[in-house]
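Me: I want to go through this protein and ask why things are called what they are called. Show it to me, then let us start.

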Amino acid sequence: MTVGSDLDLVTLYETPPEAEASDGSKPLPISTFYIRLNARLVNAITAPTGEGKLYDVDMRLRPSGNKGPIAASVEGFGHYHRTEAWTWEHMALTRARPIAGDPALAARTMAVVRDILVQRRDPDRLLADVASMRARMAKEKRPTDAWDVKQRRGGLVDCEFIAQYLQLRHAAEHPGVLSPNTTEALWFLTGAGCL
């Protein structure tokens with residue numbers, strides 16, 4: 001992360017199958033409870049204060065993007081990524097890591113993420129999707145100057161795309177290449193003979 005980085009957040013929850021509503025003084029349907037809780041969390045992180053705001057938050061990586069609910073069940077998240085998600089969403093999942101919550105839920109969530117990342121993929125389609133996404137980004141986010149080591153050709157974004165592509169390409173045969181850390185992923189990919 002850098003000074004201008006935003007947080008790409010996905011809020012997931014898990015409830016007992018028999019639960020229909022929250023157990024507060026004014027019960028809410030489960031999904032409504034988590035949507036409102038998440039909205040308050042995002043507001044707290046992004047609210048301007050005398051010292052500025054903590055972070056900008058991007059919630060577009062949630063299932064169905066801006067059209068989907070702001071919080072999703074782990075089951076719904078897994079189903080979406082197995083059946084509807086685009087390649088770029090799976091690229092983003094290579095960087096996924098839990099940042100808060102119940103450790104057992106985090107472990108179950110990361111098991112779902114791992115199952116998604118180790119799926120076999122059509123290598124030609126994967127390459128075309130990744131190249132198309134990178135070309136689109138290059139057009140929309142041009143380097144600001146010669147020192148823009150993030151966006152310029154051969155910069156940090158290209159390194160991240162290479163690591164994400166290679167993880168998706170080879171994780172089915174070599175699950176040990178997966179890491180949310182780009183540098184570590186590149187080392188793992190090298191060790192597995194994929195780079």
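Me: Start with a pocket. What is the volume of the second largest pocket?
Reply: This is a predicted model, so every value is computed from it. The second largest pocket has a volume of about 220 Å³. Its lining comprises 15 residues, and those closest to the centre are A85, T87, H90, R121 and R125.

Me: Which elements give two or more residues to that lining?
Reply: Helix 2 (74-83), helix 3 (87-93) and helix 5 (123-140) do.

Me: What makes up the lining of the second largest pocket by class?
Reply: Seven residues are charged, five are polar and three are nonpolar. Arg counts as charged. R121 and R125, among the residues closest to the centre, therefore belong to the charged class.

Me: Step back. How many helices and strands are there in the protein?
Reply: The protein has seven helices and four strands. Along the sequence the pattern reads β-β-α-β-β-α-α-α-α-α-α. The C-alpha trace spans about 55 × 45 × 25 Å along its principal axes. Of the 195 residues, 32% count as buried.

Me: Helix 2 lines the pocket. Which residues of helix 2 are buried?
Reply: V74, F77, G78, Y80 and H81 are buried.

Me: How do you know that they are on the same side of helix 2?
Reply: They cover an arc of only 160° around the axis, so they sit on the same side of helix 2. On the other side, E75 and T83 are exposed. The general rule helps here. An α-helix has 3.6 residues a turn, so residues three or four places apart point the same way.

Me: Now the aromatics. How many aromatic pairs does a search of the whole structure find?
Reply: Two.

Me: Why is the pair of Y13 and Y34 called stacked?
Reply: The ring centres are 4.2 Å apart and the planes are at 0°. Centres within 6.5 Å make a pair, and planes under 30 degrees apart count as stacked. Both values pass, so the pair of Y13 and Y34 is stacked.

Me: What does the pair of Y13 and Y34 tie together?
Reply: Y13 lies in strand 2 (residues 11-13), and Y34 lies in helix 1 (residues 30-46). The pair therefore ties together parts that are 21 residues apart in sequence.

Me: Why is the pair of F33 and Y34 called edge-to-face?
Reply: The centres are 5.1 Å apart, with 85° between the planes. The cut-off for edge-to-face is over 60 degrees, so the name follows. Y13, F33 and Y34 form one aromatic cluster.

Me: Is Y13 buried or exposed?
Reply: Y13 is buried, at a relative accessible area of 10%. Buried means under 20%, so the value qualifies.

Me: What makes F33 partly exposed?
Reply: The relative accessibility of F33 is 32%. Partly exposed falls between the 20% and 50% limits, so F33 gets that label.

Me: How do you know that R134 lies over the face of F161?
Reply: R134 is 5.7 Å from the ring centre of F161. The distance limit is within 6 Å, so R134 meets that part of the rule.

Me: Next, some leucines. Why is L54 called exposed?
Reply: Its relative accessible area is 61%. Exposed means over 50%, so L54 passes. L54 lies in the loop between helix 1 and strand 3 (56-58). L54 and A44 are ten residues apart in sequence and 8.6 Å apart in space, C-alpha to C-alpha.

Me: What makes L186 partly exposed?
Reply: L186 has a relative accessible area of 22%. Buried needs under 20%, so L186 misses that label. L186 is found in helix 7 (residues 182-191). From L186 to Q164 the C-alpha distance is 9.3 Å, with the two 22 residues apart in sequence.

Me: Why is L156 called partly exposed?
Reply: Its relative accessibility is 46%. Exposed needs over 50%, so L156 stays partly exposed. L156 is in helix 6 (residues 156-170). L156 and T182 are 26 residues apart in sequence, and their C-alpha atoms are 9.6 Å apart.

Me: Where is L41, and what separates it from V177?
Reply: L41 is in helix 1. L41 counts as partly exposed at 42% relative accessibility. The C-alpha atoms of L41 and V177 are separated by 33 Å, with their positions 136 residues apart along the chain.

Terms used
Residues numbered from 1 in each chain as written. Predicted model: local features only at pLDDT ≥ 70, side-chain atom pairs only at ≥ 80, totals over all residues. Heavy atoms only, no water. Phe/Tyr/Trp six-rings, centres within 6.5 Å; stacked < 30°, edge-to-face > 60°. Buried < 20%, exposed > 50% of the residue type's maximum accessible area, 1.4 Å probe, protein only. Lys NZ or Arg CZ within 6 Å of the ring centre and 35° of its normal. 1 Å grid on protein atoms, 1.4 Å probe; cavity = no way out; pocket = protein on both sides within 12 Å on 5 of 7 lines; lining within 4 Å. Points joined across faces, edges and corners; volume = space filled by probe spheres on them. Arc of directions from axis to C-beta.
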